[in-house]
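The exercises below are meant to be worked through with the sequence and the structure open side by side. Try each task before reading the solution that follows.

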Amino acid sequence: MNIATLKNVFFIGIGGIGMSAIARYFHRLGKNVAGYDKTRTHLTDELEAEGIAIHFEDNLELISKAFFDRDETLVVITPAIPKNHSEWNYFIDNNFEIKKRAEVLGLITENSFCFAVSGTHGKTTTSSMLAHILFQNKVDVTSFLGGVLENYNSNLVGEGKTVTVVEADEFDRSFLHLHPNIACVISNDADHLDIYGTNDAIKESFREFAAKVSDKDNLFVANHVAIDGTKVGINSNADIVAENLRIENGMRVFDLRFENETIKDIHLQMPGEHNVMNASLAISMARKYGLTAEQIKKALATFSGVRRRFSFKVRTEKCVYIDDYAHHPTEIKAVYSAVRELYPNKKIVAVFQPHLFSRTNDFMDDFAASLSKFDEIYLLDIYPARELPMEGVTSQVLLDKMTNNNKKLISKKELLQFVSETNEEVLVTIGAGDIGEMVDDIKAILENRLK
């Protein structure tokens with residue numbers, strides 16, 4: 001398939017964070033882009049505002065005639081689409097060129113110098129930091145990201161032709177389609193057990209991905225991950241070490257020691273030790289590419305973060321509201337640690353929406369333990385995404401396992417009522433489901449309360 005001569009690209013599941021970045025890419029290239037998604041979201045609204053046609057009903061009559069030209073149309077699908085989807089089946093039955101998102105990303109990046117950021121946690125923040133550093137230093141880069149960057153209000157950054165930054169997604173072994181020149185592995189904890197079956201299978205998949213980087217000097221690996229490469233750690237015995245961590249004027253500051261140099265006084269707006277690790281990996285990759293220490297430091301200090309990655313929505317003396325995409329127990333622990341680091345003496349109230357029945361079932365005890373750390377916790381029902389309900393797997397079961405007695409199951413309607421009545425100083429919303437669509441409403445209620 002020749003992307004250069006392609007005329008039409010139709011996306012089934014266009015509203016996904018990874019799908020939408022590729023849709024934006026083709027739209028910028030001047031291709032005729034349209035798509036379907038099940039639900040209207042803020043992201044689909046943004047795509048429509050940019051001129052991409054989207055419909056929300058599985059109905060062939062809603063697709064423009066141009067996309068029925070089999071020789072000039074590529075169909076891109078997400079694994080979340082059900083097998084009985086009529087539009088998808090039409091394209092299958094009529095022998096259209098159909099590719100998964102990961103396959104298309106592999107085609108886009110195979111002829112570029114590719115940075116690939118992998119990990120069960122942290123890859124969106126790390127890849128976004130790297131994308132920002134490269135773009136701010138005028139590298140000819142395009143970055144396909146799994147989150148919307150606050151600095152650019154987009155998950156597609158740059159219009160370069162020779163360099164790409166991508167998230168190497170382990171779901172469905174998607175990252176094995178990529179062709180990385182420089183890569184990193186942040187973590188390889190158990191996740192997606194509905195796909196992999198066992199923790200060992202996940203780790204083996206990450207080893208396969210790491211093997212795609214032939215020069216191990218170009219592979220940066222968090223110190224706790226058992227994969228050979230250039231090891232990066234915090235106050236540890238590693239090849240590259242973040243040290244002298246401190247907080248100055250509300251910013252994380254640290255030094256990063258390499259074999260032959262130390263980059264001193266790196267400033268980071270995002271809290272939490274986990275973000276020091278994310279930044280250390282991004283810096284290591286940028287330094288390997290050839291950017292200077294000063295170029296990297298100057299750019300990183302202006303990185304404002306990623307939407308729904310520890311995003312401050314309200315930040316006053318009377319009230320703080322933080323929103324985060326965390327959907328795994330390890331990520332929830334990191335969110336708690338970062339919030340507690342900033343507000344050691346304040347009550348922290350969290351609202352969590354579990355994501356996927358299978359993930360909730362696989363890590364039920366770990367979820368209970370990580371959530372119990374908060375001073376008070378409210379649980380929404382499980383967001384199913386691509387799954388059907390599983391018998392015996394509910395938010396009530398999770399709630400019952402939590403050791404913190406300050407806990408409650410709550411509906412979305414009740415949540416908004418709670419927010420309008422509460423006077424809590426620190427509120428955190430957590431989850432990868434449609435809780436993200438409630439953030440603006442919660443923010444508006446809190447801001448109105450503060451007037």
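**Exercise 1.** Locate Asn153 relative to the strands around it, and decide how its backbone and its accessibility are to be described.

Solution. Begin with the position: Asn153 sits in the loop between E7 and strand E8 (154-157), where helices (H or I, at least four residues) and strands (E, at least two) are DSSP runs numbered from the N terminus. Next, take the backbone: Asn153 is not a glycine, yet its phi is positive, at about 50°. Most residues other than glycine have a negative phi. Finally, Asn153 counts as partly exposed because its relative accessibility is 44%; buried means under 20% relative accessible area, exposed over 50%, and partly exposed in between, with a 1.4 Å probe and protein chains only.

Before going on, note how the values arise. This is a predicted model, in which local features need pLDDT of at least 70 and side-chain atom pairs count only at pLDDT 80 or more, while totals for chains, interfaces and linings use all residues. Residues are numbered from 1 along each chain as its sequence is written, and side-chain values use heavy atoms, with hydrogens and water left out.

**Exercise 2.** Treat Lys138 in the same steps: where is it found, and is it buried or exposed?

Solution. Lys138 belongs to the loop between helix H5 (123-136) and strand E7 (141-149). Its phi is positive, about 60°, although Lys138 is not a glycine. With a relative accessible area of 76%, Lys138 is exposed.

**Exercise 3.** Compile the surroundings of Ser118 and of Ser395, leaving aside neighbours within four places in sequence.

Solution. First, Ser118 is placed in strand E6 (residues 113-118), and at 0% relative accessibility it counts as buried. Its contacts (heavy atoms within 4.5 Å) include Lys123, Ala168, Phe175, Cys184 and Phe209. Second, Ser395 is placed in helix H13 (residues 395-401), and it counts as buried because its relative accessibility is 3%. Ser395 touches Pro354, Leu379, Leu380, Asp381, Ile382 and Leu409.

**Exercise 4.** Describe the place of Tyr325 and find which residues it touches beyond four places in sequence.

Solution. Tyr325 lies in the loop between strand E17 (320-324) and helix H10 (329-342), and at 25% relative accessibility it counts as partly exposed. The residues that Tyr325 touches are Arg308, Arg309, Gly431 and Ala432. As a further step, look at Gln353, which is 28 residues from Tyr325 along the chain, with 9.9 Å between their C-alpha atoms.

**Exercise 5.** Which residues have the most contacts inside the largest nonpolar core, and which helix gives it the largest share?

Solution. A nonpolar core is a set of buried Ala, Val, Leu, Ile, Met, Phe, Trp, Tyr and Cys residues joined through side-chain atoms within 4.5 Å. The largest such core has 84 residues, and Phe11, Phe26, Leu130, Phe144, Phe254, Ile283 and Leu300 have the most contacts inside it. Helix H8 (residues 273-289) contributes the largest share, eight residues. A second, separate core has 30 residues, among them Ile322, Ala326, Ile377 and Leu399.

**Exercise 6.** Summarise the whole protein by its elements, its extent and its burial.

Solution. Counting elements gives 15 helices and 21 strands. The C-alpha trace spans about 65 × 55 × 45 Å along its principal axes. Of the 451 residues, 55% are buried.
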